[in-house]
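Me: Hi! I have a protein model open and I'd like to get to know it. Could you walk me through it?
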Amino acid sequence: MLSNSDPTSAVVGFGVGLSLIIAIGAQNAFVLRQGLTRSHVLPIILVCAVSDAILILAGISGIGALLEHAPSLITFIRIVGAVFLLSYAVFAAKRAFHPQTLAPDQHGNGSRLAAVTMALALTWLNPHVYLDTVVLMGSIANGRGEIGRWWFAAGAITASVGWFSGLGYGARLLTPLFAKPNAWRILDALIAVMMTVLGISLLTEL
């Protein structure tokens, strides 16, 4: 019979990690948009995947338990995150009123620093990443034994790398669709709505 210390913990970690990462959110929407415009895709994927790895390992190392006893810190992150998401929603709404087009060989504009900074903000200013990735995943992983928790971490990190790589580089398959302005209008309108809902939900959770 397999124990929690067996490599099957990696499969469990992969499944749990993927189920939390795959949910539509601000971070995924940004990676998708960068992938569509083929703009600094690799740095964005690295930022998201490395950030996830740090958070997963932090949770397994016991930081998640500390966060459970620091509600004021989570509250501060909620407020800052809500303001950031609502601001991003405004910019997305403006883009929806002035949609772009994308030729198959066209790359998006914007500096690498700006893109990386945005990816970092969307990742680290999201309070749910601390509650889900650090606290929840940390508690699940630590219930699988001393060796099993590291197999769990390996599976969860693999899921993160695979998801963001697939989302970032797979988005280019939709390039023909986004050669039409209306497709960008719909995408940015949906992003604006999603960011607004996420921002308001953070404020209502205070």
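Reply: Happy to! Keep in mind that this is a predicted model. A good place to start is the largest pocket, which has a volume of about 530 Å³.

Me: How many residues line the largest pocket, and which ones lie nearest its centre?
Reply: There are 28 lining residues. Leu-20, Gly-25, Gln-27, Asn-126 and His-128 are the ones nearest the centre of the pocket.

Me: Which elements give two or more residues to that lining?
Reply: Quite a list, and they are helices: H1 (8-21), H2 (26-37), H3 (41-60), H5 (71-97), H6 (112-124), H7 (127-142) and H9 (181-204).

Me: And which one gives the most?
Reply: That is H7, which contributes 5 residues to the lining of the largest pocket.

Me: What classes of residue make up the lining?
Reply: The lining of the largest pocket has 16 nonpolar residues, 10 polar ones and 2 charged ones.

Me: Let me zoom out for a second. How many helices and strands does the protein have?
Reply: You'll find 9 helices and 0 strands. Going along the sequence, the pattern reads α-α-α-α-α-α-α-α-α.

Me: What percentage of the residues is buried?
Reply: Buried residues account for 42% of the 206 residues in the protein.

Me: Next topic: salt bridges. How many does the structure hold?
Reply: It holds 3 salt bridges. In one of them, the side chains of Asp-188 and Arg-33 meet, with an N to O distance of 2.9 Å.

Me: Where in the chain do those two sit?
Reply: Asp-188 is in helix H9 and Arg-33 is in helix H2. They are 155 residues apart, so this pair links distant parts of the chain.

Me: Are Asp-188 and Arg-33 buried or exposed?
Reply: Both Asp-188 and Arg-33 are buried.

Me: Which other residue forms a salt bridge with Asp-188?
Reply: Asp-188 also has a salt bridge with Arg-95, where the closest N and O atoms are 3.1 Å apart. This pair links distant parts of the chain too: Asp-188 belongs to helix H9 and Arg-95 to helix H5, with their positions 93 residues apart.

Me: Why does Asp-188 count as buried?
Reply: Asp-188 counts as buried because its relative accessibility is 1%, and the cut-off for buried is under 20%. Its partner Arg-95 has a relative accessible area of 25%, so Arg-95 is partly exposed.

Me: What about the remaining bridge, which residues meet there?
Reply: The side chains of Arg-149 and Glu-146 meet there, with 3.0 Å from N to O. Arg-149 counts as buried at 17% relative accessibility, whereas Glu-146 counts as exposed at 53%.

Me: Which residues do shared partners join into one network?
Reply: Arg-33, Arg-95 and Asp-188 are joined into one network by salt bridges that share partners.

Me: Now the outside. Which residues form a nonpolar patch on the surface?
Reply: The patch is formed by Leu-42, Leu-46, Val-50, Ile-54 and Tyr-169. Together these residues have about 450 Å² of accessible area.

Me: Which helix gives the largest share of it?
Reply: H3 does, with 4 residues of the nonpolar patch. Leu-46, for instance, is found in helix H3. Leu-46 is partly exposed, because its relative accessible area is 47%.

Me: I also want to look at the loops. Which residue between H2 and H3 has a positive phi?
Reply: Arg-38 is one of them: its phi is about 55 degrees although it is not a glycine. Arg-38 sits in the loop between H2 and H3, and at 25% relative accessibility it counts as partly exposed.

Me: What is phi for His-40?
Reply: Phi of His-40 is near 55 degrees, again a positive value in a residue other than glycine. His-40 is in the loop between H2 and H3. With a relative accessible area of 22%, His-40 is partly exposed.

Me: Last one: where is Leu-125?
Reply: Leu-125 is in the loop between H6 and H7. At 28% relative accessibility, Leu-125 counts as partly exposed.

Me: How far apart are Leu-125 and Phe-76 in sequence and in space?
Reply: Leu-125 and Phe-76 are 49 residues apart in sequence, and their C-alpha atoms are 9.7 Å apart in space.

How values were computed
Residues numbered from 1 in each chain as written. Predicted model: local features only at pLDDT ≥ 70, side-chain atom pairs only at ≥ 80, totals over all residues. Heavy atoms only, no water. 1 Å grid on protein atoms, 1.4 Å probe; cavity = no way out; pocket = protein on both sides within 12 Å on 5 of 7 lines; lining within 4 Å. Points joined across faces, edges and corners; volume = space filled by probe spheres on them. Nonpolar A, V, L, I, M, F, W, Y, C, P; charged D, E, K, R; others polar. Salt bridge = Lys/Arg side-chain N within 4 Å of Asp/Glu carboxyl O. Buried < 20%, exposed > 50% of the residue type's maximum accessible area, 1.4 Å probe, protein only. Patch = residues over 30% accessible without salt bridge, like charges linked within 9 Å, V, L, I, M, F, W, Y side chains within 5 Å. Areas by Shrake-Rupley, 256 points an atom, 1.4 Å probe, with all protein chains shown as cover.
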